[in-house]
Amino acid sequence: MTERGTSLRQFTTFGIDANANCVVEANSADDLITLFKNDPNAKVLGGGSNVLLNADVHSTVILIRILGRDIVCEDEQHVWIRFGAGETWHDIVSWSVDQGWGGLENLALIPGTVGAAPMQNIGAYGVEQNSVFDSLTALDRTTLTEAPFDAPSCEFGYRDSVFKHALRDRAIVTSVTYRLSKQPIVNTAYLDVRNELAAMNVASPTIRDVRDAVVRVRTRKLPDPRVIGNAGSFFKNPIVTADQHDALKALHPEMPAYAQKDGTHKLAAAWLIDQCGWKGHRRGDAGVHANQALVLVNYGAATGAEILELAYDIQASVLEKFNVELEREVNVW
Ligand SMILES: Cc1cc2nc3c(=O)[nH]c(=O)nc-3n(C[C@H](O)[C@H](O)[C@H](O)COP(=O)(O)OP(=O)(O)OC[C@H]3O[C@@H](n4cnc5c(N)ncnc54)[C@H](O)[C@@H]3O)c2cc1C
């Protein structure tokens with residue numbers, strides 16, 4: 001357990017200035033228990049890559065730094081690895097690829113920690129973490145006991161899980177176990193990944209090639225939070241009914257939309273925002289990224305309130321133009 005002062009600025013990728021009563025690293029479940037006994041209202045942060053600080057935090061902020069990579073069991077086809085919640089996500093993706101174990105490679109370079117990955121069921125390039133998820137352990141902050149969760153009890157959905165609803169702020173993830181494949185089949189369903197592999201002159205990609213392709217695409221397309229503050233996609237891609245989709249398509253035939261298995265359609269939030277003229281918009285130090293309309297950025301000294309106000313205005317204009325509600329993906333504190 002290490003105290004890290006009171007400033008939160010360096011602990012979220014938006015780089016927003018705000019303070020907590022104190023910031024402390026937890027290296028074990030026992031540390032968490034001690035910290036929650038001291039401050040039952042303490043909040044937890046992993047890599048801070050999905051949090052917008054809108055105010056000072058009047059409690060302890062616990063940085064989850066629980067490490068560990070343990071083989072739980074294996075058979076001829078799979079290996080089950082338990083990762084500590086504080087492991088850096090991209091490091092465990094790369095490490096798994098280096099072992100020859102497949103399943104996580106499409107999720108390379110997503111910032112943040114293992115423990116936060118199930119919260120919004122992170123996803124990218126055609127894969128979500130629940131496709132290889134086995135189970136997790138979480139500490140219940142009210143009873144201070146750890147309990148296992150299997151996949152059904154996590155209620156994973158698109159950027160969603162039970163930890164964003166009934167168990168929000170209650171279950172603190174301490175480890176996650178993934179079932180990785182020893183005979184991986186690569187997923188190159190996404191055009192960006194296929195194009196990048198072609199540019200790399202790779203005809204029969206391995207998981208390493210897919211990881212490298214994803215890293216190259218992401219490095220080119222997404223703003224690096226070390227250079228410009230951001231939390232990735234600020235909004236989720238909205239899901240609309242078939243009727244809503246048909247009505248919108250009639251008005252905007254060029255609108256991108258992806259049919260879902262349940263008959264609904266997923267729209268591209270970035271396209272909707274772009275159509276409302278927001279791409280590249282800047283208001284003080286808060287802005288909409290010039291190449292990625294879905295990414296709100298802090299050019300340096302923006303406050304959380306300024307970013308949030310911009311987000312509200314974007315939501316209002318998308319609602320007015322398309323009658324579609326954009327839901328925030330980022331957690332606001
Ligand atoms: C440039 C960029 C690109 C991104 N790309 C993607 C992408 O492609 N796909 C995607 O899905 N996301 C993406 N994200 C969002 C973000 O990286 C993920 O949501 C990531 O999982 C957040 O991890 P974190 O450790 O930083 O979480 P934090 O931001 O620290 O926390 C997020 C939330 O989870 C809670 N939390 C954190 N750790 C725990 C824990 N151990 N137990 C319980 N609650 C916890 C926090 O209290 C908070 O409410 C991107 C972000 C950035 C900055």
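**Notebook: strands, a helix and some odd phi values**

L109 first: I found L109 in the loop between α2 and β8 (123-124). This is a predicted model, so I keep that in mind for everything below. Phi of L109 comes out near 65°, which is positive, and the residue is not a glycine. I looked that up because most residues other than glycine have a negative phi. Is L109 buried, exposed or partly exposed? Its relative accessible area is 29%, so L109 goes down as partly exposed.

**Another positive phi**

E155 is my next entry, and phi there is near 50°, again a positive value in a residue that is not glycine. I located E155 in the loop between α3 (151-154) and β12. With a relative accessible area of 53%, E155 counts as exposed, since the cut-off for that class is over 50%.

**The whole chain**

I stepped back to get the overall numbers. The protein chain holds eight helices and 20 strands. How does the radius of gyration sit against a compact globule of 333 residues? The rule gives a value near 20 Å and the chain has 20 Å, so the two agree. I also noted the spans of the C-alpha trace along its principal axes, about 55 × 50 × 35 Å.

Buried residues make up 49% of the 333 in the chain. For contacts with a separation of 6 or more, 61% come from residues 24 or more positions apart. The accessible surface is about 15,300 Å², and carbon and sulfur atoms own 48% of that. For charges, I have 31 positive and 41 negative, and their mean positions are 3 Å apart.

**Strand β7 and its partners**

I then went to β7, residues 78-84. Six of its seven residues are buried, so the rest of the structure largely encloses this strand. On the β6 side, five bridges join β6 (residues 69-74) to β7, and the two run antiparallel. They form a hairpin, with three residues between the strands. To have one pair to click on, I picked C73, which stands opposite W80 in β7.

Which other strand did I find paired with β7? It is β12 (residues 171-181), again in the antiparallel sense, over seven bridges. My marker pair there is R82, whose bridge partner in β12 is T177.

**Helix α2**

What packs against the buried residues of α2? I get β6, β7, β12 and α5 (207-221), so three of my entries meet here. α2 itself covers residues 89-99, and its buried residues are W89, H90, I92, V93, S94, S96 and V97. I kept the helix geometry in mind here: with 3.6 residues a turn, residues three or four places apart point the same way. Just after α2, G100 takes a positive phi of about 90°.

**A three-stranded sheet**

Next I traced an open sheet of three strands, in the order β14-β16-β15, with antiparallel pairing. Its edge strands are β14 (239-240) and β15 (257-259), each pairing on one side only. How many bridges join β15 to β16 (residues 265-267)? I count three, and the two strands run antiparallel. A257 is the residue I marked, and it stands opposite L267 in β16.

**Two single residues**

E196 caught my eye as an acidic side chain to check. It lies in helix α4 (residues 191-199). Is E196 buried or exposed? The relative accessible area is 5%, so E196 is buried, the cut-off being under 20%. Leaving out residues up to four places away in sequence, E196 touches A213, R216, V217 and R220.

Last entry: A55, in the loop between β4 (51-52) and β5 (57-64). At 40% relative accessibility, A55 counts as partly exposed. With residues up to four places away in sequence set aside, its contacts are A18 and W333. I also checked A55 against A20: they are 35 residues apart in sequence, and their C-alpha atoms are 9.4 Å apart in space.

Technical notes. Residues are numbered from 1 along each chain as its sequence is written. This is a predicted model: local features need pLDDT of at least 70, side-chain atom pairs count only at pLDDT 80 or more; totals for chains, interfaces and linings use all residues. Side-chain values use heavy atoms; hydrogens and water are left out. Buried means under 20% relative accessible area, exposed over 50%, partly exposed in between (1.4 Å probe, protein chains only). Helices (H or I, at least four residues) and strands (E, at least two) are DSSP runs, numbered from the N terminus. Two strands pair if DSSP finds at least two bridges between them. The radius of gyration is taken over C-alpha atoms; the globule rule is 2.2 Å times the number of residues to the power 0.38. Contact means heavy atoms within 4.5 Å. Accessible areas come from the Shrake-Rupley method with a 1.4 Å probe; for residues, only the protein chains shown count as cover. Lys and Arg count as positive and Asp and Glu as negative; His and the chain ends are not counted. The place of a charge is taken as NZ of Lys, CZ of Arg, CG of Asp or CD of Glu.
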